[in-house]
Amino acid sequence: MSLSLLILKSGLSLVAQTTELDYEPKVHMIKPYSVNVGKNVVLTQWPVGTDDEHVLLRSEDLLTVCEPSEQVIKSYLRKTGLTLKELNK
């Protein structure tokens with residue numbers, strides 16, 4: 001599992017702990033948040049309207065997967081209450 005920045009075809013950016021699956025849906029996300037970067041990084045729980053922390057994503061919705069910036073990683077750790085050590089398990 002790794003922390004990834006996922007860019008969807010819709011233009012939405014998500015940050016989440018991810019695991020690539022061998023089947024569709026292709027990506028298992030844990031604690032996904034939408035990312036809005038302006039003057040500050042703002043993370044919003046995603047998808048809106050649910051408390052689910054495990055979300056599956058189809059490859060047809062995914063444009064690319066990148067490594068998040070240090071600023072996004074710090075914001076994600078603050079938001080989730082995780083430490084880098086816990087994240088890198």
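How many bridges join strand β1 to β2, and in which direction do the two strands run? In this predicted model, strand β1 (residues 2–8) is joined to β2 by 6 bridges, and the two strands run antiparallel. The pairing is set out below within the wider architecture of the chain, followed by the salt bridges.

The protein chain contains 2 helices and 6 strands. Read from the N terminus, the order of these elements is β-β-β-β-β-β-α-α. The mean pLDDT of the chain is 94, and 100% of its residues reach 70 or more. Among the elements, strand β5 (residues 54–57) has the highest mean pLDDT, at 97, whereas helix α2 (residues 84–87) has the lowest, at 83.

The overall dimensions were examined next. Along the principal axes, the C-alpha atoms fill a box of roughly 35 × 30 × 25 Å. The radius of gyration of the protein chain is 12 Å, which agrees with the value near 12 Å that a compact globule of 89 residues would have. Of the 89 residues, 38% count as buried. Among contacts with a separation of 6 or more, 47% are made by residues 24 or more positions apart. The accessible surface of the chain comes to about 5800 Å², and carbon and sulfur atoms account for 50% of that area.

Strands β1 to β4 are connected by a series of hairpins. Between β1 and β2, the hairpin has 4 residues, and G11 in this turn has a positive phi of about 100°. Within the pairing of these two strands, S4 stands opposite A16 of β2. Strand β2 (residues 13–20) is in turn joined to β3 by 6 bridges, again in an antiparallel arrangement. One pair of bridge partners here is T19 and H28, the latter lying in β3. The hairpin formed by β2 and β3 has 6 residues between the strands. Strand β3 (residues 27–37) is also joined to strand β4 (residues 41–45), by 5 bridges, and these strands too run antiparallel. N36 stands opposite V42 of β4, and the hairpin from β3 to β4 passes through 3 residues.

Strand β2 thus pairs with β1 and with β3. Of its 8 residues, 6 are buried, so β2 is largely enclosed by the rest of the structure. S13, which has its place in this strand, illustrates the setting. The relative accessibility of S13 is 17%, and this residue therefore counts as buried, the cut-off being under 20%. Apart from neighbours within four places in sequence, S13 is in contact with L5, L6 and I7, and also with Y33, S34 and V35. L5, L6 and I7 fall within the residue range of β1, while Y33, S34 and V35 fall within that of β3.

Attention then turned to charged side chains. Side chains of opposite charge can pair when their charged atoms come close. A search of the whole structure finds 3 salt bridges. R58 takes part in a salt bridge with E60, at 3.2 Å from N to O. The side chain of R58 also meets that of D61 in a salt bridge, with an N to O distance of 3.0 Å. R58, E60 and D61 are accordingly linked in a network of salt bridges. Within this network, R58 is partly exposed, with a relative accessible area of 41%. D61 is likewise partly exposed, at a relative accessible area of 26%.

A further salt bridge is formed by E70 and K74, whose closest N and O atoms are 3.3 Å apart. Both residues lie in helix α1 (residues 70–80), where they are 4 residues apart, about one turn of the helix. E70 has a relative accessible area of 57% and is exposed, whereas K74, at 46% relative accessibility, counts as partly exposed. Because the cut-off for exposed is over 50%, E70 and K74 are assigned to separate classes.

In summary, the predicted model shows β2 joined in antiparallel fashion to β1 and to β3, with β3 joined in the antiparallel sense to β4. Salt bridges link R58, E60 and D61 in a network, and another is formed by E70 and K74 within helix α1.

Methods: Residues are numbered from 1 along each chain as its sequence is written. This is a predicted model: local features need pLDDT of at least 70, side-chain atom pairs count only at pLDDT 80 or more; totals for chains, interfaces and linings use all residues. Side-chain values use heavy atoms; hydrogens and water are left out. Two strands pair if DSSP finds at least two bridges between them. A salt bridge is a side-chain nitrogen of Lys or Arg within 4 Å of a carboxyl oxygen of Asp or Glu. Buried means under 20% relative accessible area, exposed over 50%, partly exposed in between (1.4 Å probe, protein chains only). The radius of gyration is taken over C-alpha atoms; the globule rule is 2.2 Å times the number of residues to the power 0.38. Contact means heavy atoms within 4.5 Å. Accessible areas come from the Shrake-Rupley method with a 1.4 Å probe; for residues, only the protein chains shown count as cover. pLDDT is the predictor's confidence in each residue, from 0 to 100.
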